[in-house]
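I opened this notebook to look up two things, an interface between two chains and one helix in its surroundings. The entries follow in the order in which I looked.

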Amino acid sequence: MRGIDPSSRVAESAREAGQLLVRPAQAADIGAIERLASSATPRLTNLPAHRDRLEERIARSCRALSHNVDFPGDEVYTFVLEDREIGEIVGTASIRAQAGAQDVYYTYRQETLIHASQQLNLRHEVQTLSLSHEMSEVSLLCALSLDARYRGTSAASLLRRARLMFIAQYPERFADTLGVAFPGYLDESGASPFWDSVGRHFFNRGYHEINQLAGVRSKSFIAEVMPQFPLYLPLLTPQARSAIGREHPAHEPALGEMLAEGFVRSRHVDIFDAGPVLRGERARLRTLNHCGWHPVRIRPAASLPDAEPAMVANQRLADFRCTVARYALTPTGQLLLSEAQAELLGVEEGRAVLVAPLALPDVEDALDEGDL
Amino acid sequence: MRGIDPSSRVAESAREAGQLLVRPAQAADIGAIERLASSATPRLTNLPAHRDRLEERIARSCRALSHNVDFPGDEVYTFVLEDREIGEIVGTASIRAQAGAQDVYYTYRQETLIHASQQLNLRHEVQTLSLSHEMSEVSLLCALSLDARYRGTSAASLLRRARLMFIAQYPERFADTLGVAFPGYLDESGASPFWDSVGRHFFNRGYHEINQLAGVRSKSFIAEVMPQFPLYLPLLTPQARSAIGREHPAHEPALGEMLAEGFVRSRHVDIFDAGPVLRGERARLRTLNHCGWHPVRIRPAASLPDAEPAMVANQRLADFRCTVARYALTPTGQLLLSEAQAELLGVEEGRAVLVAPLALPDVEDALDEGDL
Amino acid sequence: MRLRPISHHDIDELKSLAQETGVGFTSLPNDHDFLVAKIDKAVAAFEGHVPACERLYFFVLEDEQSGELAGCCAIEAEVGRETPFYHYRVGKLAHSSVQLDLHRTIDTLFLSSDHTGDAEVASLFLRPAYRRDRNGTLLSKARWLFMAEFRDGFPDKVLAEMRGVIDADGISPFWQCLGSHFFPMEFKQADQLTGLGQKSFIGELMPKYPIYTPFLPEAARACIGQVHEQTRPALEMLKKEGLRWEGYIDIFDGGPTVEAYIDDVGAIRHSQRVQVEVSGDALAQAERPSWLAATTGMADFRCSFIGRGPDADGVVHLSEAEARRLNVTSGDTLRLLQT
Amino acid sequence: MRLRPISHHDIDELKSLAQETGVGFTSLPNDHDFLVAKIDKAVAAFEGHVPACERLYFFVLEDEQSGELAGCCAIEAEVGRETPFYHYRVGKLAHSSVQLDLHRTIDTLFLSSDHTGDAEVASLFLRPAYRRDRNGTLLSKARWLFMAEFRDGFPDKVLAEMRGVIDADGISPFWQCLGSHFFPMEFKQADQLTGLGQKSFIGELMPKYPIYTPFLPEAARACIGQVHEQTRPALEMLKKEGLRWEGYIDIFDGGPTVEAYIDDVGAIRHSQRVQVEVSGDALAQAERPSWLAATTGMADFRCSFIGRGPDADGVVHLSEAEARRLNVTSGDTLRLLQT
């Protein structure tokens, strides 16, 4: 610890990531989660800063983890990121086992219509947005909020991708296709150009107001009152058009990471702010492809060799734990952990843990595989 | 040769398949192709028994094979199956490099709409068919007609799948996704229950008449006058509904084989008769996955060892040849061929040929992977 | 017999009316609370307390001898403002292709709420025992006099929804072929929910895309714009006033909605205001009354047949009984219509 | 001045008329072959040789002194039968949710061919030099007399399409905001193709799904159902006859289409048939002629103003000049309309 500024200490600690832990949320985490919900940038529809809703959310997660589940249903798993060094909950993220299990999960699907004129011998393409419920079947990674001090650190990656480590272990609880919905573009004043050009005509309320309403009530209630016929893109404002499929600036790095992970841009965007929805086949995601089981070998922290960072998860359900450690193996394939790390994960020597590299290939390679 | 009935002789020969050859069509094949077009069961829209159209088709294929092509465009490759033993053209089949390159390729896409009532707290699903041009980008295997005497023999497989052997060699000429359109269900009287319940309302012509018109004019002309709004399935006759995605009985075995090959049922069906359209990612098709290059070693026919049958193709473009032989390799990986087989393929000893097993895994395993 | 606004003390009589109406008359369900609320709403409308979009003018036909209610009818000032108002509109789509030498138009049903904001005449019911002495005409036409008198309180157009065809088994072929595929319930239930004004399920479950009518079975197509046998006389009466079918039908049974510009309605155009003179003398009295008279107050609106029309000076002479029935005295104004 | 059916020898005069009409008057393009075909078609219609759906009655206003044509007008007996006939219809869709306590209707433009089979009055053009002496009224109203006389040859409804708003730069804001996104061409070109009857490109390129009007810029919304400044007088004249805007607009410029049931058109309802008596005597002659007279033959149809109406016996007296102009003699029948 070189600095004395507490925020730089935190960042340093995050970089080391020695004491970071992702685990399922518990009732006692409500205060922290509410704080995270209020500080999310931008505010998230699916993480309303509304205590009753959040309590319900945690209870739902605990219920799902205490039952046998043979196929994805209306479970929502909520996780928290804990920094043990400062003893604080500094992030949260969820998985909806089936995006449309409770309410239909509506998105706008970008389509191209061909208007061909035989008379004039020309073909004219027109883009539309159609209300769609096709994404209802996917398992959705959503509701992520991270303490601002940890942004851009490996803590962000851990929080985002520990969910994949969980999915890797409980495939029967999730769909083959995963989705990630990113907050959409807002301008400097915090307004959504897409909402202002589309939804506002039908609701006459601002983006933040409707977003809040949707968080407390249900987004699908609102979708069902949205225009039922496809919208012609040329009739939207240029500002709205350019917001389609564009993420909120604060989420650019996260989006890049998910593309590197193997997700691709789908044709679908959020119905309020036109934020992008990524989709990924589980079988093609880097973390799920490259993770492996290794027995634990405990060694003094000082004697651990240097190696690339990795996510390490224990083999529990309700007591699921995932942290960051070095991917250092013995010649016989045992993962070397310090005493502290083993304790963090709640594992003893010889117990198998799931390990996947934290690093991902360059984003550029993954960018152009989408449906579009 | 045990029998004296010429048709059984042909069948026997086909089973042996020693003299069967798939190659690109040439101008001189016009008579045979026209005969095959007239005898197709059922008649095919994309293989009209119309001499001018067929001549154009052959010329188009020759043109495509005599030019460098870097990406799929409006090429249509037409192949014939020749039985050298009897010296006859006994089958034909085509690949459209891009289904919608010339005219938009319209299909009906099966969709499910969710009608959710908050008031009554229920969710009601309604199936629809929407006019779609999404399949326009795929490379389409189509226009297959085989002499009735060869049905159910390995000649059928060869004709069907030799196209994949061609695609394997010239990937740049085709899309990553392949489609196969199968003729749809017709009742005993040869009528299409789907057309009678749908298209007839708009055209007041019988299925065969419109099919013929579409073959000579253009199917997309007709599609553009079809209903533009989605059709609600519950409003179609039960006969029409049950024909959706159902192949013509004569094409059941072919469909089964393509499923075994790795194609899956798409949501798309033909706009006239609702016949199924299969789709397959090139990377997941058995023939493309399991084919390999081997140098040729020529041995006397009598001394060739027994082995599983395989498709064998030479490495030419305009002189492409594909036949069936035994998959017998030397210990060093050379393919053993008879003099006659080598001559059929136009290859000498040492030349590399592409080989893929003719047998496919059981259909059952592949049946349930479709989009539906 | 006279027609007047409903009032709170009519509740018991209204309930017995509701019991008699039966299926297909969904706006008067036999439900105490609903009926009380209906009366409240109507009373407020006649008192002029509510905005136009909430005004439901509900009238009763009173046998002033027995005090019994013989029937009822209503005018809604602006439909579709509080709850959505749906119809199918029969429209035409052109399908044409020069290359195919094809040109035809296809009939199509579009879900629409075009009539939002129009006035509606509705809820006409006459007890069987009173189906005589032109009481039906009184109930039906009194509404036109009311609208003529208070023209400013109504929009440009008025409509009336007519019951559609029901087969011998009490089933609507139109519903069987169309609605039943989208509404997982019985026709009756759907109809009842609508009668209670709970119509949001319609927009929720209804097909959003147009229906191509050629896809409907002949039985359903034959119901489009057709009225129930028993509704034919009512339809004829409205047609005579100038209401026409402009292609809108009920989404459940396919029955026609007829409509007109209010200013074009015959009874409204031909009604006239005259001065009253109550004459004690024996007056000429037509055997079959043809003159309908309505008062000019809203809350104390009255309408009944009288024995004669105005004289050459534009004055109408009333007997004492007629004046009592209408609650007018000499010097008052009446609106008359010869029927 | 008198109105009569066009004939083959009018071709040169028609061409010079066509030259004067200019942009926005697409039905009379300056194209010899097109105009010859138009005359052929009209002549066949007046001779009664063609089925109703192909009947184009094309009239010219003739200055019988100079022989010059002063203007023209037309009636199409049934539109949309030979080539598709498109409009946008302004409709309402309900969007409501009990849970969200939301209920509103959204205006929507639906592509429709609802007017297929209706009659159309169209192509009215009067040379500037003749824009006096009620010639415009003659051109416009003569058509009603023709339709009244040959009522059986026309359907229930008649419509008239009105030019929409064009801005100072000659550009239609409605087109700019809507059509231009779907038709890769200039407004003028689209308009011209339509004038030539080549309309299948409209159905091919037009958006098939409804357009929610709130998505259109204010400039486009302001054009919906609005007429071009110069068309306002024509619109007023049609409105006086009872034609109304029922929500249909031109797909290119958003201009209104007004319509009426033919039997409701004022001029048709009020016209009357009378006997002619040609009087050599000096007859009373109104300074500003108000009586329009039309003959009862089709191929030799004539219409002009006359100096007076019928007498008490229902006989109209004509001067020799008037009789000549209309080509009638005593004992013939005329259809009169007071304008």
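**Interface of chains A and D**

I began with the contacts (heavy atoms within 4.5 Å) and found 32 residues of chain A in contact with 32 residues of chain D. The model is a predicted one, in which local features need pLDDT of at least 70 and side-chain atom pairs count only at pLDDT 80 or more, while totals for chains, interfaces and linings use all residues. Residues are numbered from 1 along each chain as its sequence is written, chains are lettered from A in the order in which they are written, and side-chain values use heavy atoms, with hydrogens and water left out.

I then looked up the buried area (accessible area, 1.4 Å probe, that two parts lose on being put together, summed over both), which is about 2800 Å² between chain A and chain D, with 69% of it from carbon and sulfur atoms. Of the area that chain A buries against chain D, Q119(A), F202(A) and L235(A) supply 24%, more than any other three residues.

For salt bridges (a side-chain nitrogen of Lys or Arg within 4 Å of a carboxyl oxygen of Asp or Glu), I noted that the rule finds 0 across the interface of chain A and chain D.

**Helix α2 of chain B**

I next turned to helix α2 (residues 30-39) of chain B (helices are DSSP runs of H or I, at least four residues, numbered from the N terminus), where I30(B), A32(B), I33(B), L36(B) and A37(B) are buried (under 20% relative accessible area, 1.4 Å probe, protein chains only). They lie on the same side of α2(B), because they cover an arc of only 160° around the axis, taken from the directions from the helix axis to the C-beta atoms. I recorded that the cover over the buried residues of α2(B) includes α3 (51-65), β2 (76-83), β3 (88-96) and β6 (139-146) of chain B, the strands being DSSP runs of E, at least two residues.

Conventions:
Buried < 20%, exposed > 50% of the residue type's maximum accessible area, 1.4 Å probe, protein only.
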